[in-house]
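Okay, everyone, thanks for coming. I'd like to walk you through one model today, so let me put it up on the screen.

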Amino acid sequence: MLYQTLSAKTWRNIWVVGDLHGCRAQLDSQLILHDFDKEQDLLLSVGDLIDRGPDSPGCLQLLQEPWFRCVRGNHEQMALSALEGQDPMLWMMNGGDWFWQLKGAELIAARHALKRCADLPLILHIELADRVVVIAHADYPASHYELGQDVDWHQVVWSRDRLGRHHRGTSASIEGASDFYFGHTPLEQPLNVANQHYIDTGAVFGNRLTLVRLQ
């Protein structure tokens, strides 16, 4: 699934969170701090739920929660490829070693949860009262956004080209939507440039986890 649409009318508050990378306890603390109501609010994720941090299985459990939605990150993609027998060493070298240490019921549960990541959309399209917000893991690789438009999925999950252009001072807005939220590249602070927001602030490396309220 490339695109998934959401209407904001269903929820009271909507938040988007940066890359979790196994930091479930840190997320739970942030949700309490922000008075997140699991009956009325929605949490959106820019992907990379797993690897490097202490609780990848706990973060995968979020996929079963009705108050949570997520796009596929490159770490979910590496896990899926590894489970299909395609270059498992790439995943292990990038934090996937936790999976190979599991045994018994925990291993079976994690394997099933990871396989469900194949059904995650690459792009979330959220229709708010006054604007359209788009969430993807690394980039939306086009100068104009259109729901259902065919784009290179590999760049959606992996690309840092646009972020590099921002750093070089050649920023440009993406037409067709109000705001875009990305993760993928850990930064010391959220970067807001043109109509793009990079919110991976490296929680797994000891920095704070970023949550942004959309509604």
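A word on naming before anything else: when I say helix or strand, I mean a DSSP run, H or I over at least four residues for helices and E over at least two for strands, numbered from the N terminus. This is a predicted model, so local features need pLDDT of at least 70 and side-chain atom pairs count only at pLDDT 80 or more, while totals for chains, interfaces and linings use all residues. Residues are numbered from 1 along each chain as its sequence is written, and side-chain values use heavy atoms, with hydrogens and water left out.

Right, two odd backbone spots. Aspartate 48 sits in the loop between β3 and α2 (56-60), and it has a positive phi of about 60 degrees although it is not a glycine. Is aspartate 48 buried or exposed? At 1% relative accessibility, aspartate 48 counts as buried; the cut-offs are under 20% relative accessible area for buried, over 50% for exposed and partly exposed in between, with a 1.4 Å probe and protein chains only. The other spot is histidine 184, in the loop between β7 and β8 (191-193). Its phi is near 80 degrees, again a positive value in a residue other than glycine, and at 6% relative accessibility histidine 184 counts as buried.

Now the strands. In a regular strand the side chains alternate between the two faces of the sheet. Look at β3, residues 42-45: Leu42 and Leu44 are on one side, Leu43 and Ser45 on the other, and all are buried, so both faces are covered. Strand β2 (residues 14-17) pairs with β3 in the parallel sense over 4 bridges; a pair of strands here needs at least two DSSP bridges between them. Within that pairing, tryptophan 15 has leucine 43 of β3 as its bridge partner.

Then there's β5, residues 123-127. It is largely enclosed by the rest of the structure, because 4 of its 5 residues are buried. Which strands does it pair with? β1 (residues 3-7) pairs with β5 in the parallel sense over 5 bridges, with threonine 5 bridged to histidine 125. β6 (residues 132-136) pairs with β5 in the antiparallel sense, over 5 bridges, and there leucine 124 is matched with isoleucine 135. A hairpin through 4 residues joins β5 to β6.

Tyrosine 181 is in strand β7 (residues 179-182), and it is buried, with a relative accessible area of 8%. Tyrosine 181 and leucine 124 are 57 residues apart along the chain, and their C-alpha atoms are separated by 9.8 Å.On to the aromatics. How many aromatic pairs turn up in the whole structure? The search finds 13, where rings of Phe, Tyr and Trp (its six-membered ring) pair if their centres lie within 6.5 Å, and planes under 30 degrees apart count as stacked, over 60 as edge-to-face and the rest as tilted. Tryptophan 91 and phenylalanine 99 have ring centres 5.4 Å apart and planes at 35 degrees, so that pair is tilted. Phenylalanine 180 and phenylalanine 182 have centres 6.3 Å apart and planes at 25 degrees, so that one is stacked. Phenylalanine 180 is buried at a relative accessible area of 0%, and phenylalanine 182 is buried at 0% too. Ring pairs link both of them into a cluster with Tyr3, Tyr140, Tyr145 and Tyr198.

Last topic, pockets. A pocket is an open set of points on a 1 Å grid over the protein atoms alone, where a 1.4 Å probe fits, with protein on both sides within 12 Å along at least five of seven lines; lining residues have an atom within 4 Å of a point. The largest pocket holds about 190 Å³ of space, a volume being the space filled by probe spheres set on the points, which are joined across faces, edges and corners. Its lining includes Gln4, Phe68, Arg69, Cys70 and Arg116, and strand β4 (residues 68-70) gives the largest share, 3 residues.

The second largest pocket has a volume of about 160 Å³. It is lined by 17 residues, and our histidine 184 is among those nearest its centre, along with Arg52, Asn74, His75 and Arg160. Helix α3 (residues 74-83) supplies the largest share of that lining, 3 residues.
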